[in-house]
Amino acid sequence: MIYPITVYGDPVLRKVTTEIDQRFEGLEKLAEDMFETMHNAEGVGLAAPQIGLALRIFVVDLSALGEDEPLLKDFRRAFINPQIIEKVGEKVLMEEGCLSIPGLREDVLRYDTIRMKFTDVNWQEHEEIFTGFPARVIQHEYDHLEGVMFVDYCSPLKKRIIKGKLSDITKGQVSTSYRIKVPRS
Ligand code: NI
C-alpha cells in the first residue's frame, strides 16, 4: 500500500516519536508499505512520520546504488527502535534532500561513522557500525524520529532564503511525482 507523504508544516514531522512495542500488530506489513511508498517516490530512506505515524521505525534501501557501490547492492533494511549510541570521527558536508521537502536540497554536516542499536521486523536485536553514505541516510532518517528535518541545520541566512519555498510546500504549492498530504487542506 502506498501512503501519501506528509510534507513540511505537518505537525507529525515535529513529534518525538514513540517506541514500538513487541505486541504491535502488522509490523512487517508496515515496513513493506514504507518500502513501497519510498520506492514509488524514488527515495532511499523513509521514516514513519513521513506517512503520518509518530513511531520509531524507518526504512532505507540503497540497493539501486549497487551498480556504482557494490557494497550497497543488498542494503535494504528496516530499523525499529533505533538508537545511535556513538558518533565517530569527522563531520562531512553533503547535499541532502527529503521526500517531505520536495524540490529543496542543501548541504548538511553529519558524522561519517555511527554505531547504532536497533531491532529488525522479526525483533532480532542488532548493533552495527555504519559509515559513509549509509551513515548519512541513517542519520537523516533518525532525525525524523526526533522531529528534526535537514533544513533545521541551515544557517539563519539560508533559512531566510528558503522560507518562501517552505511556505509554498506547506500550502501544497509544489510539484511532485508522488502523492503528498498537504498540512493545510
Ligand atoms: Ni527526510
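In which strand is lysine 117 found? Lysine 117 sits in strand β5, and that strand is a good place to begin a tour of this structure. Keep in mind as you look around that this is a predicted model. We will start with the paired strands, move on to the nickel ion and the pocket, and finish with a few single residues worth finding on your screen.

**How the strands pair**

- Strand β4 covers residues 76–96 and runs antiparallel to strand β3, which covers residues 57–61.
- These two strands, β3 and β4, are joined by 5 bridges.
- To see one such pairing, find phenylalanine 58, whose bridge partner in β4 is phenylalanine 79.
- Strand β4 also pairs with strand β5 (residues 106–119), again in an antiparallel way, through 12 bridges.
- In the pairing with β5, look for glutamate 96, which stands opposite glutamate 106.

**The nickel ion**

- Three residues coordinate the nickel ion: Cys98 through its SG atom, and His140 and His144 through their NE2 atoms.
- The distances from the nickel ion to these atoms are 2.1 to 2.2 Å.
- Along the chain, the donors follow the spacing C-x41-H-x3-H.
- Histidine 140 and histidine 144 both belong to helix α2 (residues 133–145), and because they are 4 residues apart there, about one helical turn separates them.
- Both histidine 140 and histidine 144 are buried.

**The largest pocket**

- The volume of the largest pocket is about 390 Å³.
- Its lining is made up of 20 residues, and those nearest the centre of the pocket are Val44, Glu96, Gly97, Cys98 and Arg105.
- Two elements, β4 and α2, each give two or more residues to this lining.
- Helix α2 provides the largest share of the lining, with 5 residues.
- Some names here should look familiar: Cys98 is among the residues nearest the centre of the pocket, and Cys98 also coordinates the nickel ion.

**Glutamine 139, a residue of helix α2**

- Is glutamine 139 buried or exposed? Its relative accessibility is 5%, so glutamine 139 counts as buried, the cut-off being under 20%.
- You will find glutamine 139 in helix α2.
- A polar atom of its side chain lies 2.7 Å from the backbone oxygen of tyrosine 111.
- Beyond its neighbours within four places in sequence, glutamine 139 is in contact with Ile84, Arg110, Tyr111 and Ile114.

**Lysine 117, back in strand β5**

- Lysine 117 has a relative accessible area of 37%, so it is described as partly exposed.
- If neighbours within four places in sequence are set aside, the residues in contact with lysine 117 are Asn81, Pro82, Gln83, Ile85, His126 and Glu127.
- Arginine 14 is 103 residues away from lysine 117 in sequence, and the two are 23 Å apart in space, C-alpha to C-alpha.

**Two residues with a positive phi**

- Asparagine 81 is not a glycine, yet it has a positive phi of about 45°.
- Asparagine 81 lies in strand β4, and it is buried, with a relative accessible area of 11%.
- Asparagine 81 is also one of the residues in contact with lysine 117.
- Tryptophan 123 is another residue other than glycine with a positive phi, near 65°.
- Tryptophan 123 lies in the loop between β5 and β6, the latter being residues 125–131.

Terms used: Residues are numbered from 1 along each chain as its sequence is written. This is a predicted model: local features need pLDDT of at least 70, side-chain atom pairs count only at pLDDT 80 or more; totals for chains, interfaces and linings use all residues. Side-chain values use heavy atoms; hydrogens and water are left out. Two strands pair if DSSP finds at least two bridges between them. Donors are N, O and S atoms within 2.8 Å of the metal (3.2 Å for Na, K and Ca); water is not among the atoms, so sites may look incomplete. Buried means under 20% relative accessible area, exposed over 50%, partly exposed in between (1.4 Å probe, protein chains only). A polar contact is a pair of N or O atoms within 3.5 Å; within protein, one must be able to donate a hydrogen and the other to accept it, and residues adjacent in sequence count only if both atoms are side-chain atoms. Contact means heavy atoms within 4.5 Å. On a 1 Å grid over the protein atoms alone, a cavity is a set of points where a 1.4 Å probe fits but cannot get out, and a pocket is an open set with protein on both sides within 12 Å along at least five of seven lines; lining residues have an atom within 4 Å of a point. Grid points are joined across faces, edges and corners, and a volume is the space filled by probe spheres set on the points.
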